[in-house]
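Please open the model in your viewer and keep the selection tool at hand. The stops below are meant to be followed in order.

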Amino acid sequence: MSLDSKSALRIAQVLNEALPYIQRFTGKTIVVKFGGNAMVDETLQNSFARDIILMKLVGMNPVVVHGGGPQIGELLQKLNIESRFIDGMRVTDSETMDVVEMVLGGTVNKQIVNLINKNGGRAVGVTGKDGLLIKAKKLKIKNEAAGLHASEIIDIGHVGEVESVNTDVIDMLIRGDFIPVIAPIGVGRDGASYNINADLVAGKIAEYLQAEKLMLLTNVAGLQDKNGKVLTGLSTLQVDGLIADGTIYGGMLPKIACALDAVKAGVTSAHIIDGRVPHAVLLEIFTDSGVGTLITNSANAEQAD
């Protein structure tokens, strides 16, 4: 079926707009954290997979890091294992950690690999334990509650933070023309497994790879000001100011802090994007307007792409 002239012109304009971005990012590494609605809605799953494959085909090096909190919670419930949270983090005893590894390293990781492969890509799934990809240490929470003479250290079990990333594993997969899909499970010096927040893992991997971009998919339109307007083209200094004045607070704070840390550590730009929008990854990379919040180190961040 032939296109009418208006539709043909629109397609040509879209491709023309994408060209400079393709040229700029060819050969660059882009770390994408896959989560939220995009992971559970079938249409969004397939649009995400096609975005990642297209990035690979035009010469970029996408690296996918995924979460899986809802899926973990669902299996724990079926197994009658209680889920407890402290400061938004799942208390993870040995029994719960077994479930976390089963879901993240098994079910969810392989579903994403299969999703990319069936759409025409070449994905390989790994956890942070494979090849000692992610060395981790136990995360301890400080309780500064009123009435305590000193901070109380709360042990939440097998919950960790990234100590280091072995980029050799990822580099090997990229050189083999594969798309790495990474589950956020780390391994301690003693061989113990640790459940790590996927945003934090994505940020650290982007930092160690000195990636061009860190992209965090969320269930919101992006970072918003106090009037609900989406902010973009922000410098790290501006973001620090928004945290200080209370514009950034609550659940968005850890995600923004992760993006901020990555950019300050050398990642060229970080993006908080709306994973509820079909092809959100492509729209953010290949169009002038994008679909989320861009953070860079540039003093002229509003001019950055």
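**Stop one: a pair of helices**

Begin by selecting Asp199, Leu200 and Gly203 in α7, which meet Lys255, Cys258 and Ala262 in α9. Colouring this selection by residue class gives 3 nonpolar, 1 polar and 2 charged residues for the contact of α7 with α9. Bear in mind throughout the tour that what you are looking at is a predicted model.

Now widen the selection to the whole of helix α7, residues 198-209, together with the whole of helix α9, residues 252-264, and look at how the two are arranged: their axes are 9 Å apart and the packing angle is about 10 degrees. Since angles under 35 degrees count as roughly parallel, α7 and α9 are therefore described as roughly parallel to each other.

**Stop two: an enclosed strand**

Next select strand β14, residues 292-296. Is this strand buried or exposed? Of its 5 residues, 5 are buried, so β14 is largely enclosed by the rest of the structure.

With β14 still highlighted, add strand β12, residues 234-235, which runs parallel to β14 and is joined to it by 2 bridges. Then add strand β13, residues 269-274, which pairs with β14 in the antiparallel sense over 5 bridges. Which residue of β14 is the bridge partner of leucine 234? It is isoleucine 295, and if you then pick alanine 270, you will find that its bridge partner in β14 is isoleucine 295 as well.

**Stop three: the annotated positions**

For the last stop, clear the view and select Gly68, Gly69, Arg90 and Asn195, which UniProt lists, in an unreviewed entry, under "binding site". Although these positions span 128 residues in sequence, no two of their C-alpha atoms are more than 12.0 Å apart, so they gather at one spot.

Zoom in on glycine 68, which lies in the loop between β2 (61-66) and α4 (69-78). Its relative accessibility is 8%, and because anything under 20% is classed as buried, glycine 68 counts as buried. To see what surrounds this residue beyond its neighbours within four places in sequence, show Val103 and Leu104, with which glycine 68 is in contact.

Finally, step along to glycine 69, whose place is in helix α4. With a relative accessible area of 32%, glycine 69 is partly exposed, whereas glycine 68 counts as buried; displaying the two glycines side by side is a convenient place to end the tour.

How values were computed:
Residues numbered from 1 in each chain as written. Predicted model: local features only at pLDDT ≥ 70, side-chain atom pairs only at ≥ 80, totals over all residues. Heavy atoms only, no water. UniProt positions renumbered as here; feature names shortened; annotations may be inferred. Helix = DSSP H or I, 4+ residues; strand = E, 2+ residues; numbered from the N terminus. Buried < 20%, exposed > 50% of the residue type's maximum accessible area, 1.4 Å probe, protein only. Contact = heavy atoms within 4.5 Å. Axes fitted to C-alpha atoms, helices over the stretch in contact; angles between N-to-C directions. Parallel < 35°, antiparallel > 145°, perpendicular 65-115°, else oblique. Nonpolar A, V, L, I, M, F, W, Y, C, P; charged D, E, K, R; others polar. Pairing = 2+ DSSP bridges.
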